[in-house]
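Here is a short tour of how two chains meet, followed by a look at some aromatic pairs. Have the structure open as you read along.

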Amino acid sequence: MTADLLTPTAGPQLIYRINPVAKMAAAFLIGLGVLLSIDWVSASVALACESVLLFWAGVPPRRLAIRLSPVLVGAVTAAFMTALYAPESGASYLNILFAHVTAGSIELATATFARILAVGVPAVVLFLTVDPTDLADGLAQVLRLPARFVIGALAAVRLVGLFIDDWRSLERARRARGVADRGRLRRLLSQAFALLVLSIRRATKLATAMEARGFGSSAPRSWARPSSLHRADVVLMLIGALIAAASITVSVATGHWRFLGT
Amino acid sequence: MQPRPVAVDARGWGWRHADRPGFAVSGLDLRIEPGERVLLLGASGAGKSTLVAALAGLLGDEEAGEEIGELRVDGRNPRDARGGVGLVLQDPDSQVILARVGDDVAFGCENLGVPRDEIWPRVREALDAVGLALPLDHPTSGLSGGQKQRLALAGVLAMRPGLLLLDEPTANLDPLGVAEVREAMAQVLDRTRATFIVIEHRVAVWADLVTRVIVLSPGGGVLADGTPDQVLRAEGARLAESGVWVPGFEPAAPARDRGATGTPVLEARGLAVGRERRVVIREGIDLTVSASRTLAVTGSNGTGKSTLGLTLGGLLPPLGGTLDASAIAGGLPAEPHRWRSRDLVSRIGSVFQDPEHQFVAATVAAELAVGPKAAGVESAEASRRIDAAVERLRLGHLLEANPFTLSGGEKRRLSVATALVTRPALLVLDEPTFGQDARTWRELVALLSALLDEGSALVAVTHDAAFVDALADDVLSFDLPVGAR
Ligand SMILES: Nc1ncnc2c1ncn2[C@@H]1O[C@H](COP(=O)(O)OP(=O)(O)OP(=O)(O)O)[C@@H](O)[C@H]1O
Ligand SMILES: [Mg+2]
């Protein structure tokens, strides 16, 4: 069950053809619009717009639902806690020990719920539809981040996927060597250290393999896969900015706007 | 695909790794002409990998070690000739860099700054040359060992190097994978004129493809040098003595009386194995492991042999059927995976496929002491066993070295030695002989044979036909599931 983080994500839908940098920018803009104010209106507007956008972009609904479930659980929990324990204001509905459900706390709970989803949905979509290799291409060619850094990070992502396997192997190996009976804490610590050593080994080997293929030489690098922003990418970023603007405008206009909770 | 082949020159060249007292290679005088095809031989630890790493410009600076004399690739310092030199290493997994086949092959070209329009034709040509007919966006993670090695070869070929270096490219592969890589290389050599150097202990694989054989001496310098005929026939006996695998001079295995009928140590009935709960890799396995007998498990990569080994070794729970080791349990439950670690180590020893997973100490000496101590072996007896194993497996000069810095063959011998010294009733070995030269192979087989004579049972997962011939009493062969590969 090696979590292979680098396995290419691809599909025929529009969303897979958008440059990852554009997707990140759009998600960032929407998130900014939502996070600036703690109210349920701006977050709900953003969430509504996102839903339309997702439907139109062709994100596979089943996979989205599965990945979104933890976010949903988190949002419901947070909303519930807020409803019970937020500072009381307005009409009181329920009062047991420390839990006071009031009109104010319900409003805050709704806002919390909508905000978590409004930020969580784009994040999950990014995670689902961005291929790490394409993202690296975009970061290096569109945002002009240093190639060495970006490619190095990309290669390292693969190693992260090997951690789980390595951890289990180490566990077995130490059992076979007769050193696995010690106290739980000591065992975990020494195994964590072993994992560190092994990871450094792996990283060194990978660096060697990359160097052997000319990585890190002084020659200017070329790019086998072009990455640039096309019209669709620009449109998506504009849509992101529009959603942010819309959510802020509606919220201000309806008098719900509370800048950073003030 | 016509890169300009380059020459290699060594004048009194030598290298000492910073943390070692002695030189790994020394006094090397050598000229390899452009376009020559060389098989580089030598005992385990003779410095073959060190030389090849140096030629690829990967040895690092003064901090990494001390260099003497002069090494030139195409008349230049190898560190400046990088990119003109292509290197394929032994471990298929550590050479995959990117997630898609096409991107991985293109990686080297990108680093050399090859224009984009030129990269993709090169990628296709390279994949074609190694016979890897996969779509460019095929994920690299699911490839077999042989495919990964051919991918690495393609990645190197696409850079059009004038010098092609292969360090034991087939050591980790099953026979099918070995044939694949050799075939691919033969095809490549038909097309390119590049200078070619390959390291391999098993001479037979490459003997027909090379024009020259150079044997490094562990003491420094060159032991033999000439055409394959000259070196392998005329000097075969002497080379075999120094540890080179020479066809016709195979190392003699100690005579064993086969078919000893020992008492059963471990019995499996309808055993199902797998690494995850509920994910069965192989089922319906029936086997009996008996004292003084060797069970060899053979078959292709990826058929669950190692998983079976781990299960028999008490390191994975059985997923079905029964596994009964009550004969050696001594009052513990019958299934070895229920035993405590320190009970396990004196009863069943395991040697993993990847030796690096098993190292738990900072020096070779400390590494060897771990098992006996955990098993509660009295210290005089422990050092007696350790000394004997160190002596036979030629680890004596490495006692203070860090296990991770050993050569490939040395690591393997150390991991086997750590399991031998606890004298387990059952020893489970995963690829015990990979990377061994003829001499260490012989010593390893002799040690295991002695262990059998003392009444231990052996299970060995192996691709090594000579090993099976020498030691196996029973063979369990895992075939590929239909439709795989
Ligand atoms: N990174 C390192 N640091 C310290 N010592 C090393 C390092 N790599 C190799 N050595 C030592 O240098 C010597 C030569 O090692 P090298 O790997 O070149 O041998 P080899 O001929 O390739 O052996 P094998 O056939 O076992 O792979 C060995 O004694 C080894 O322990
Ligand atoms: Mg080597």
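A polar contact is a pair of N or O atoms within 3.5 Å; within protein, one must be able to donate a hydrogen and the other to accept it, and residues adjacent in sequence count only if both atoms are side-chain atoms. In this predicted model, 23 residue pairs are in polar contact between chain A and chain B, both at pLDDT 80 or more. On the side of chain A that touches chain B, helix 5 (132-141), helix 6 (147-176) and helix 7 (184-212) of chain A each give two or more residues. Helix 6 of chain A provides the largest share, 12 residues. By class, that side of chain A has 22 nonpolar, nine polar and 18 charged residues.

Charge also plays across the interface, where 11 salt bridges are found between chain A and chain B. One of them joins A:Lys205 to B:Glu356, with the closest N and O atoms 3.9 Å apart.

The area buried between the two chains is about 4700 Å², and carbon and sulfur atoms give 52% of it. A:Arg175, A:Arg177 and A:Arg213 supply 21% of the area that chain A buries against chain B, more than any other three residues.

Now for the rings: four aromatic pairs turn up over all chains, including these two.

| Pair | Centre to centre | Angle of planes | Type |
|---|---|---|---|
| B:Phe196 and B:Trp206 | 6.2 Å | 55° | tilted |
| B:Phe359 and B:Phe404 | 5.9 Å | 85° | edge-to-face |

B:Phe196 is buried at 0% relative accessible area, and B:Trp206 is buried at 0% too. B:Phe359 is buried at 5%, and B:Phe404 is buried at 13%.

Definitions and conventions:
Residues are numbered from 1 along each chain as its sequence is written. Chains are lettered from A and ligands numbered from 1 in the order in which they are written. This is a predicted model: local features need pLDDT of at least 70, side-chain atom pairs count only at pLDDT 80 or more; totals for chains, interfaces and linings use all residues. Side-chain values use heavy atoms; hydrogens and water are left out. Buried area is the accessible area (1.4 Å probe) that two parts lose on being put together, summed over both. A salt bridge is a side-chain nitrogen of Lys or Arg within 4 Å of a carboxyl oxygen of Asp or Glu. Helices (H or I, at least four residues) and strands (E, at least two) are DSSP runs, numbered from the N terminus. Ala, Val, Leu, Ile, Met, Phe, Trp, Tyr, Cys and Pro count as nonpolar, Asp, Glu, Lys and Arg as charged, and the others, Gly among them, as polar. Rings of Phe, Tyr and Trp (its six-membered ring) pair if their centres lie within 6.5 Å; planes under 30 degrees apart count as stacked, over 60 as edge-to-face and the rest as tilted. Buried means under 20% relative accessible area, exposed over 50%, partly exposed in between (1.4 Å probe, protein chains only).
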